[in-house]
Amino acid sequence: MAMLNNLLLFTLTFQLLFSLHVSLESSHTTGDASQFRKKFLELAKTPEVFDWMVRIRRKIHENPELGYQEFETSKLIRSELDIIGVKYRYPVAVTGVIGYIGIGEPPFVALRADMDALTMQEGVEWEHKSKIAGKMHACGHDGHVAMLLGAAKLLQQHRHVLQGTVVLIFQPAEEGLGGAKKMIEEGALKHVEAIFGIHFTNRVPLGKAASRPGSMLAGTSFFEAVITGKGGHAAIPQHTVDPVIAASSVVLNLQHLVSRETDPLDSKVVTVSKVNGGNAFNVIPDSVTIGGTLRAFTSFSQLEQRVKEVITNQATVHRCNASVNLRPNGKEPLPPTVNDVGLYKQFKNMVGDLLGEESFAEASPIMGGEDFSYFAEAIPGHFAFLGMQDETKSYASAHSSLYRVNEDALPYGAAVHASMAVQYLKDKASQGYDTPKGFHDEL
Ligand SMILES: [Zn+2]
Ligand SMILES: [Zn+2]
């Protein structure tokens with residue numbers, strides 16, 4: 001008990017000294033916040049930080065790991081955090097890592113990177129090509145990890161100016177396996193008030209960023225159906241119940257759900273992307289399996305209901321049966337990614353200050369999905385795209401076998417991450433932040 005009291009006294013003294021230090025520090029950093037940010041960018045471009053991020057990114061690229069299997073990636077992250085001197089929690093959601101930099105007290109602001117690769121064969125021939133056949137980092141998550149570690153290095157070097165705590169979230173399984181959801185279930189957002197995420201894009205020039213307030217990325221849902229008839233000889237169709245005709249009718253009729261039943265101003269997508277049935281020229285198969293995806297910024301329930309009705313009723317018209325699975329492989333629908341308006345303004349101002357006003361562009365909403373949406377649904381969140389397109393080369397879009405990360409974008413990502421965290425905590429402090437009652441430091 002006495003030891004506990006001494007510890008408490010020590011903690012209080014430390015906090016008092018720390019807050020004194022912070023207030024002295026902030027008294028001469030508040031006025032020159034932009035200089036501070038520029039320093040982050042300069043530092044991120046030095047060989048010490050830049051070459052180190054490139055090495056990490058290439059190492060992860062050579063050894064791509066799928067969702068919830070990112071054991072080596074996670075180990076690499078932890079060993080780098082150990083070297084930098086950043087404390088972390090592990091494991092969270094199997095392979096996830098959560099690092100903490102700052103005073104270990106509120107406010108807490110999170111920065112997020114995803115770690116998983118895709119089931120694809122890399123088509124780019126280069127020195128650091130994927131060494132695992134059929135697996136590839138084709139969405140830039142190797143780079144996302146490297147630039148969040150870059151931000152960790154910058155923030156750790158300047159931890160004395162942090163007026164709160166930065167939470168570094170390295171999450172598994174973004175590509176369709178709900179890694180973000182699992183991280184939240186395992187307490188990743190405990191005490192966290194806001195979260196920022198960055199994703200590379202080839203649609204924005206290098207050194208620039210784009211985002212928007214409100215709906216940014218669509219919600220995503222999947223479906224699969226088996227349409228069963230009675231197979232037989234292709235030359236004697238009258239003795240069969242042809243599931244190919246039924247499936248064809250289903251595919252065409254599904255297209256009317258958006259074109260005829262949806263408000264044209266409410267963006268939705270119904271795509272049938274998978275059709276499997278039959279494997280001979282002269283045999284009508286017993287069944288055909290179709291599958292696809294739905295995208296929307298609003299609720300899916302009505303659209304899912306109609307997808308089910310169209311598939312089963314069209315199958316019946318053609319004397320077939322259909323079973324419809326709206327959660328194939330247990331895939332839960334992904335909510336839309338909605339950016340908090342206040343965080344958007346903070347981000348836009350910060351990027352304007354760091355990289356120049358012309359370096360921020362308002363993005364259009366897109367129908368792609370991101371599981372960052374789970375974070376932004378739970379607490380205020382902001383997701384942004386970071387440009388990597390330059391005049392010298394062309395960069396393929398995400399999920400292409402020819403996808404490449406422009407490594408020159410890494411310093412921008414590290415500086416944007418670090419600057420946003422510092423800015424968020426600074427703004428909170430200037431609003432007179434009160435530590436919530438009942439807070440327990442669990443770091
Ligand atoms: Zn992806
Ligand atoms: Zn991605």
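This report walks through a predicted model of a protein chain, from its overall build to a set of annotated residues.

**The chain as a whole**

Let's start with the broad view. The protein chain contains 12 helices and 16 strands. Measured out along the principal axes, its C-alpha atoms fill a box of roughly 90 × 50 × 45 Å. Of the 443 residues, 45% are buried. If you take the contacts with a separation of 6 or more, 80% of them join residues 24 or more positions apart.

**Two domains**

How is the chain divided up? The domain assignment gives domain 1 (33-217 + 340-430) and domain 2 (219-330), so you will find domain 1 written as two stretches of sequence. The C-alpha centres of domain 1 and domain 2 lie 38 Å apart. Where the domains touch, the contact takes 4 residues from domain 1 and 6 residues from domain 2. The domain 1 side of this contact divides into 2 nonpolar residues, 2 polar residues and no charged ones.

**The annotated binding site**

Now to the residues you may want to find in the viewer. In an unreviewed entry, UniProt lists Cys-139, His-141, Glu-175, His-199 and His-399 under "binding site". These residues are spread over 261 residues of sequence, yet they cluster in space, with a largest C-alpha distance of 13.2 Å.

Two of the listed residues, Glu-175 and His-199, are set out here.

| Residue | Location | Other C-beta atoms within 10 Å |
|---|---|---|
| Glu-175 | loop between β4 (165-171) and α6 (179-185) | 18 atoms |
| His-199 | strand β5 (residues 192-205) | 22 atoms |

Is Glu-175 buried or partly exposed? Glu-175 counts as partly exposed because 18 other C-beta atoms lie within 10 Å, and a buried residue needs 20 or more. His-199 is buried, because it has 22 such atoms within 10 Å.

Which residues does each one meet, once close neighbours in sequence are set aside? Leaving out neighbours within four places in sequence, Glu-175 is in contact with Gly-67, Asp-116, Leu-118 and Cys-139. Cys-139 is itself on the UniProt "binding site" list. With residues up to four places away in sequence not counted, His-199 touches Gly-140 and Phe-385.

To trace these contacts yourself, you could begin at the loop between β4 and α6 for Glu-175, then turn to strand β5 for His-199.

Conventions
Residues numbered from 1 in each chain as written. Chains lettered and ligands numbered in written order. Predicted model: local features only at pLDDT ≥ 70, side-chain atom pairs only at ≥ 80, totals over all residues. UniProt positions renumbered as here; feature names shortened; annotations may be inferred. Helix = DSSP H or I, 4+ residues; strand = E, 2+ residues; numbered from the N terminus. Buried ≥ 20, exposed ≤ 12 C-beta atoms within 10 Å, placed from the backbone. Contact = placed C-beta atoms within 7 Å. Domains from an automatic or database assignment. Nonpolar A, V, L, I, M, F, W, Y, C, P; charged D, E, K, R; others polar.
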